[in-house]
Amino acid sequence: MPSSNIQYAPYIEKFENSYEFSYLATYFNEHKCYTLISEETEEFDKFWEDIYYKCLEGFTNSKGIFITGPHFFYLNFIQILGKDPKSNRKKKIFPRFLDVDYDYFHIVDYAKKHQKNVILVKPRRLGFSYKAAALATHEFTFYRDSKSVIGAYLSGYAQTTMNMVIDNLNFLNGYTEFRKQRSPDTSVFIKARYQETTGGIVRWKGYQSECKMITFKDNEHASVGLTANWFLFDECGIFSNIIESYNMSEPTIKDGSDFTGTALMFGSAGSMEGGSQYFYEMFISPEKYNALTFPDVDAPGKLTGWFVKSTRGRLGTSVNGNPMVDENGNSDEVEAYLDIMHTRDTKRGGLSSVALHDNITQYPLSYKEAFLRSGGSVFPLRELQEWLGEIETNKKLYEAGRVGELYFDENTSKIKFRLNQDLPYIMDFPIKSEQSKTGAFCIWEEPERINGDIPPFLYIAGCDPYDQDNASSTTSLGCVFVYKRFLTLDKTHDIIVAEYTGRPDTANDFYENTRKLCLYFNAKMLYENNLKGIKAYFEQKNCMHLLYETPSLLKDIVRDSRVSRGYGIHMNAQIKSQCELYMKDWLLEEREDLDGKKKLNAHTILSVPLLRELIAYDPIEGNFDRVIAAMLCILQAKEIYKIQLQHYIKKFEPDPFWNKPFFKKKPSFNN
């Protein structure tokens, strides 16, 4: 397979004679040194001068293929933990040439020369931490007064990369002429310098280059006051404050408005945890963070950060017994794809989908798969991701909703809808700080009418409100969905038909929008009642009939519940957990559409932001307003079904007369 046609790396149809790039590593493996030339000779000095130049400027092999200086340095002077081809055991070895590394080093070289950043999402086990550590080692070794910073959310990740840098430098000190004395020389901070006394005066001499490790957990200001030529953000998928951490760190790589350094922000598939939705926001908006952009192969015209597919650099043999990377480092992506899909097939089935889910997150074929949370989720992530991908690449589905406003007609006093594409229907999750939060109505299906009237109880509204007036710094929004129940076999049913999500200037504006939506669909609304403002507003408008009382179903959920027949629901941990299960069951429930085609309820959701929230959902932290509103719709649908079923059973209960002792041998109507 040819190397990827990334615009920042020269295109190579097929790599040949790639062993030439590692000629020094080959020599070292044989002789345990880089040259046998005597140190006290001019040839020895010329040898290391030549190597110094190649480590800075790059190297071209006999086939005219050029690799960058840091890539040449990585192949010949960095040792990584890998499989020894002779013993088949893991040990410290020099890295082999891979086409994906060719792209990597060209991309970071371009970024550095053009004062751009790189946002990267990658599979696990491709050695990107070693490559990042190699960049910091290269900077420390060859650039005077340079400063590299290694940052992570948790100290363990940053320390691992920092340890790699120290190991690299120790190797250089032992076997090369690039050695540097270090003082201080600690596990978190090193500086290339030494003391010299001249005329009784002590002074520091040396390269003065440094490398520092910091952590951002609970402190996005950790980098304030630092300067960096390279700023490495490790495992960004677990950063719950990655956006704030980058924003506070950006001045370290700038001089005024000019960028003077480069940030490399990378996250591993399979390590997407509490910060995945925030890193995702950065990945799909690279220009906002001064990062290089790459075409999204699944959505023409869309730009993202750089995603490395698991079909690239997949070592070993495939299920067909064929090598997935040849001796010259060319990836056979077809064989790798077949191998990955075979492995996935072996993980399917059984009572748990965890094995399949973990395999997908470890070896993703798209960036959407990479952003699946490795710890699993309450909801069916794969099905939601696939459906979201289908919507985002299908213009008809993506634009199915009609965006506009609801208003009262002056002549009839009836509530009406009119299109207004200028209103900001909020599609992004998480919402961007500079984005308008006013919101807009989005309607996917108009109300169903019989003889001009909307049947009662056909529509249910679920609402996650707020009380505080416009808060520009918050990412929390108010949301209300309208859910359509079953009417007749020839009509759509059990689908979300409308949405309003936003945070207008006042809370009352939001309450009025929820009231309008309820009136438009003749829907009663179940809302989260930990905030009291919405009930007071509906009382003021004489619209209490539009609010549902607290569901009696809670008695089945909460042990020893003393449910009062107030309004709304208080979403405590126990109730929330049960609502999550109801939502999951609903999403996975199989159904037939009007054409008789089978699909899941999840495939009826046309709200792109709701799908994004369901995918990113964390029951412990984060704002998932749409998920809460949707879960309230499902809960109330179950409540109405239960009430109707109880009414049906009661209607057909036998007369108590037949339960008298005289008839005890008769069949019981209650069995």
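Let me start with one residue, R612: at 8% relative accessibility, R612 counts as buried. What we have here is a predicted model, so please hear every value in that light.

Where does R612 sit? R612 belongs to helix α18, residues 608-616. The whole helix is worth a moment. Why call α18 largely enclosed by the rest of the structure? Because 9 of its 9 residues are buried. They run V608, P609, L610, L611, then R612 and E613, and finally L614, I615 and A616. So R612 and E613 are on the buried list along with residues such as L610 and I615.

What does the side chain of R612 meet? It meets the side chain of E392 in a salt bridge, at 2.8 Å from N to O. That pair links distant parts of the chain, since E392 lies in helix α12, residues 381-392, while R612 lies in helix α18, and 220 residues separate the two. E392 counts as buried too, because its relative accessible area is 15% and the cut-off for buried is under 20%. To put this bridge in context, the count for the model comes to 30 salt bridges.

Next, a second group of charges. The side chains of E448 and K484 form a salt bridge, again given as 2.8 Å, N to O. This pair also connects distant parts of the chain: E448 is in the loop between β21 (440-443) and β22 (459-464), K484 is in strand β23 (residues 478-484), and they are 36 residues apart. Both E448 and K484 are buried; for E448 the relative accessible area is 16%.

E448 has another partner. The side chain of K491 meets that of E448 in a salt bridge of 3.3 Å, N to O. Here K491 comes from the loop between β23 and β24 (495-502), E448 from the loop between β21 and β22, and the separation is 43 residues. Is K491 buried or partly exposed? K491 is partly exposed, because its relative accessible area is 29%. Through shared partners, salt bridges join E445, E448, K484 and K491 into one network.

Now to the surface. Which residues form a negative surface patch? They are E39, E40, D45 and E49. Of these, E49 is placed in helix α2, residues 42-57. E49 counts as exposed, because its relative accessibility is 53% and the cut-off for exposed is over 50%.

One more local site, T343. T343 is in helix α9, residues 333-347. Leaving out residues up to four places away in sequence, T343 touches R314 and N359. Its C-alpha atom is separated from that of I360 by 9.6 Å, and the two residues are 17 apart along the chain.

Last, the chain as a whole. It has 671 residues, and 54% of them count as buried. The secondary structure consists of 19 helices and 27 strands. Taking contacts between residues at least 6 apart in sequence, 64% join residues at least 24 apart. The chain exposes about 31900 Å², with carbon and sulfur atoms supplying 49% of that area.

To go back to the start: R612 is buried, its salt bridge partner is E392, and its helix, α18, is largely enclosed by the rest of the structure. That is all I have.

Conventions
Residues are numbered from 1 along each chain as its sequence is written. This is a predicted model: local features need pLDDT of at least 70, side-chain atom pairs count only at pLDDT 80 or more; totals for chains, interfaces and linings use all residues. Side-chain values use heavy atoms; hydrogens and water are left out. Patches are made of residues with over 30% relative accessible area and no salt bridge: like charges are joined within 9 Å, nonpolar side chains (Val, Leu, Ile, Met, Phe, Trp, Tyr) within 5 Å. Accessible areas come from the Shrake-Rupley method with a 1.4 Å probe; for residues, only the protein chains shown count as cover. A salt bridge is a side-chain nitrogen of Lys or Arg within 4 Å of a carboxyl oxygen of Asp or Glu. Lys and Arg count as positive and Asp and Glu as negative; His and the chain ends are not counted. The place of a charge is taken as NZ of Lys, CZ of Arg, CG of Asp or CD of Glu. Helices (H or I, at least four residues) and strands (E, at least two) are DSSP runs, numbered from the N terminus. Buried means under 20% relative accessible area, exposed over 50%, partly exposed in between (1.4 Å probe, protein chains only). Contact means heavy atoms within 4.5 Å.
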